[in-house]
Structure formats: structure tokens, C-alpha cells
Amino acid sequence: MLFSKQKQSTSKNKRRLSYSSKNAAKTASILFFSVMFLSLLFNVVFFTKYQTIRNSVKASEKNIHDQLKEVENTNLLYSDSIEVFTEDFLKSYLTVPKDEKERQERKGELSEYFVSGFDLKRVSNLKDFKGERRVTDLQYIDTKYLSNREAKVKFQTVYEITEVQEKDGRTIPKTTKYETNIIVPVTSNGKGFAVYQNPNMIKEDLKTTMSYEGKMPDGEPVTSTQTKLLESFLNDFFTSYGVSDEKLPFMADVTGGLEDQTLQDVNVREAVKVDSEYTVNADVHYQNSESSMSDLYSYELKLEKENNKFFITQIE
């Protein structure tokens with residue numbers, strides 16, 4: 001009887017063990033595949049984010065590169081090099097030799113200045129021109145920037161055209177001088193410059209008739225007696241200043257004076273005083289020591305007075 005109960009109990013335990021093993025295996029399987037799925041999902045998410053970040057970095061790098069390239073292009077266009085390039089171009093553009101072979105060489109030179117594919121036939125028609133043109137002077141005026149890649153550079157040009165003319169059965173060369181402003185359209189790729197279309201000529205007169213009232217120096221106007229004392233001191237100073245003699249350092253804070261200039265006269269136009277400091281505007285008449293050439297010059301001076309002696313602290 002006892003044996004029988006023990007047998008039944010063992011059978012129940014086996015069933016419980018069998019059930020528990022299956023359950024554990026199933027749970028382990030679910031956990032394993034869950035971990036695998038999560039790992040795979042994590043890798044997919046990580047890879048996607050990695051690719052997104054990588055693409056974003058690449059886009060940023062390209063954007064930065066493009067911006068740096070644009071800055072590089074802009075820096076070159078805004079540099080002084082554009083002035084040098086344009087001056088060299090104008091020397092070749094305005095110079096027209098008389099010799100046909102040299103004219104062909106000029107075409108080759110010009111092709112190196114214009115953009116690729118530019119039709120040089122549009123530059124000039126020299127078929128009927130038998131003379132020559134040469135540059136005598138080029139002066140840079142200014143640059144107008146149209147964009148970060150385009151600019152128009154203005155030069156004042158002086159050139160001469162010489163052409164043989166028939167007069168009374170004789171051939172006489174005639175030379176005519178011209179002065180005009182030329183505007184050159186220039187572009188840049190960051191590595192160099194090129195002319196992208198034909199230059200144009202304009203006539204400008206920078207001279208004008210106008211009135212001008214200078215600003216009075218700050219301070220209290222000096223008396224006529226003080227003006228005479230200033231003129232006496234300035235006569236001594238400008239005498240020494242004209243020849244840079246040994247007395248100059250004792251009268252002014254200057255590194256040096258002039259040479260071969262003989263003082264003729266000093267006229268104090270304006271003089272004001274603030275405490276012991278003076279501001280003086282003076283006209284100085286100098287004559288060249290080696291000739292009869294004389295000119296009038298205007299100076300603005302700052303002076304200090306100490307122990308009844310003047311000393312110039314600034315001269316302009």
C-alpha cells in the first residue's frame with residue numbers, strides 16, 4: 001500500500017518536471033529570439049541614424065567647402081590683384097603696332113586675357129588703320145563690384161595715335177593725343193581673372209567749381225601781439241626746416257626737414273590757443289635754392305609754449 005502511493009507520487013513529479021522543462025525551453029526560446037530581434041532592430045536603427053548623420057556631415061562639409069570657395073573667389077576679386085591684371089590688359093588692349101606681324105602677336109596676347117571662347121573679331125577692326133597706337137599713361141580710378149564674381153574696373157588712360165597723312169604730295173605722320181576713362185568688365189574663378197566682354201569708354205570731368213569754408217580750429221583766437229611772436233618763431237623754424245640744419249631738433253619734434261629750400265616768407269592765417277597749446281595754420285613761401293622756382297605751401301602746426309619759448313609738437 002505504501003509502495004503504491006510512492007509510485008503515484010513519483011509519476012506526478014515526472015509530469016511536473018516534464019511540464020516545467022517545456023515551459024522553460026519555450027521561455028528561453030522567446031527570450032533568445034526577442035534578444036535577436038531587438039539586436040537586429042537596434043542595428044537597423046543605429047545604421048539608419050549613422051547614415052543620416054554621415055549624410056548630414058557630408059552635406060555640411062560640401063556646404064562649408066562651397067562657402068570657402070565662394071570666399072576664396074570673393075577675396076581674390078576684392079584684392080589689389082584685380083588692379084594689376086586690368087592694367088596689364090589695357091597695355092595690350094590699347095597698344096596697336098604698325099607692323100602686321102606684331103598685330104597678330106597682339107591678338108595672341110589678348111586671347112589670354114579674355115574668357116574662353118571670346119570672339120576676338122569683336123575687339124577691333126584694324127583693316128583700314130595703317131598707323132599705330134601707344135599708351136603713355138594709365139591711372140587706376142576705382143572698382144565697382146556687381147557680384148562676388150563680377151566687377152568693373154575703371155582706369156584713366158592717355159594714349160597717342162600716329163597715322164601717316166598725305167599733304168601736298170607728301171606723307172606726313174600726324175600724332176594725336178587722347179585722354180579718356182575706360183571701364184573693363186572682369187570676372188574671377190578664385191584662381192585668376194578674365195575679361196568677359198568688351199571694355200567701354202566714358203568721358204568724365206572730375207573738376208568742378210565750388211566754394212569751401214574750412215573748419216576753424218578749436219580754441220581762443222590769439223592777439224595780434226601773439227601772432228607776431230608766432231610768425232617770428234615760425235620764420236626761424238621754417239628757415240631751418242628748409243635746409244635741415246642743426247637747430248631744427250631744438251624747435252620741433254621732427255625726424256628731419258627739407259633740402260635746398262630757401263624761405264621767402266611766412267604768413268599766419270589762423271591761430272588759436274587752449275591753455276599753453278597753440279594751433280596754427282600758416283602759408284609758407286619757399287624758393288628752390290638751385291633755381292628761381294618758388295611755391296607756396298600750407299601747414300597746420302601744433303605748438304606748446306614753455307618759459308616763453310615755442311616748441312612744435314606736430315606739423316602737417
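Here are some exercises on this predicted model, each with a worked solution.

Before you start, note that residues are numbered from 1 along each chain as its sequence is written, and that side-chain values use heavy atoms, with hydrogens and water left out. Since you're looking at a predicted model, local features need pLDDT of at least 70 and side-chain atom pairs count only at pLDDT 80 or more, while totals for chains, interfaces and linings use all residues.

**Exercise 1: the overall plan**

Work out how many helices and strands the chain has, and in which pattern they come.

Solution. Start with the rule: helices (H or I, at least four residues) and strands (E, at least two) are DSSP runs, numbered from the N terminus. Counting that way gives 4 helices and 10 strands. Now walk along the sequence, and you'll read α-α-α-β-β-β-β-β-β-α-β-β-β-β. Next, burial: 26% of the 316 residues count as buried (buried means under 20% relative accessible area, exposed over 50%, partly exposed in between, with a 1.4 Å probe and protein chains only). Last, take the contacts (heavy atoms within 4.5 Å) with a separation of 6 or more: residues 24 or more positions apart account for 54% of them.

**Exercise 2: helix α3**

Check the length of α3, then find which residues of α3 are buried.

Solution. First, the length. The expected span of a helix is 1.5 Å times one less than its number of residues. For the 12 residues of α3 (residues 100-111) that makes 16 Å, and the end C-alpha atoms are 17 Å apart, so the two agree.

Second, burial. Arg103, Arg106 and Leu110 are the buried residues of α3. They cover an arc of only 50° around the axis, which puts them on the same side of α3 (the arc is that of the directions from the helix axis to the C-beta atoms). Their cover includes α2 (81-94) and β1 (132-145).

Third, look at the two ends. At the start of α3, a side-chain oxygen of Asp99 comes to within 3.1 Å of the backbone nitrogen of Lys101. Ser111, also in α3, is partly exposed because its relative accessible area is 38%. Ser111 and Val195 are 84 residues apart in sequence, yet 9.8 Å apart in space, C-alpha to C-alpha.

**Exercise 3: β1 and β2**

Describe how β1 is joined to β2.

Solution. Begin with the pairing rule: two strands pair if DSSP finds at least two bridges between them. β1 and β2 (residues 150-167) run antiparallel and share 12 bridges. For one of these pairs, look at Leu138, whose bridge partner in β2 is Thr157. Then follow the chain between the strands, where a hairpin of 4 residues makes the link.

**Exercise 4: the open sheet and helix α4**

Find the strand order of the open sheet, and say where α4 lies.

Solution. The sheet has 5 strands, paired antiparallel in the order β6-β7-β8-β9-β10. β6 (220-221) and β10 (309-315) are the edge strands, each pairing on one side only. Further in, 11 bridges join β8 (residues 277-288) to β9 (residues 294-306), and Gln287 stands opposite Ser294 in β9.

Now add the helix. α4 (residues 224-243) lies across β7 (261-274), β8, β9 and β10, running at about 140° to β7 (axes are lines fitted to C-alpha atoms, for helices over the stretch in contact, and angles run from 0 to 180 degrees between N-to-C directions). The buried residues of α4, among them Leu230, Phe233 and Phe237, pack against those four strands, β7, β8, β9 and β10. Right after α4 comes Ser244, with a positive phi near 55°.

**Exercise 5: two residues in the sheet**

Decide whether Val272 and Asn281 are buried or exposed, and name some of their contacts.

Solution. Take Val272 first, in strand β7. Val272 counts as buried because its relative accessibility is 1%. Leaving aside neighbours within four places in sequence, Val272 has contacts including Met216, Pro217 and Tyr278.

Asn281 sits in β8. At 9% relative accessibility, Asn281 counts as buried too. The side chains of Asn281 and Glu270 make a polar contact of 2.7 Å (a pair of N or O atoms within 3.5 Å; within protein, one must be able to donate a hydrogen and the other to accept it, and residues adjacent in sequence count only if both atoms are side-chain atoms).
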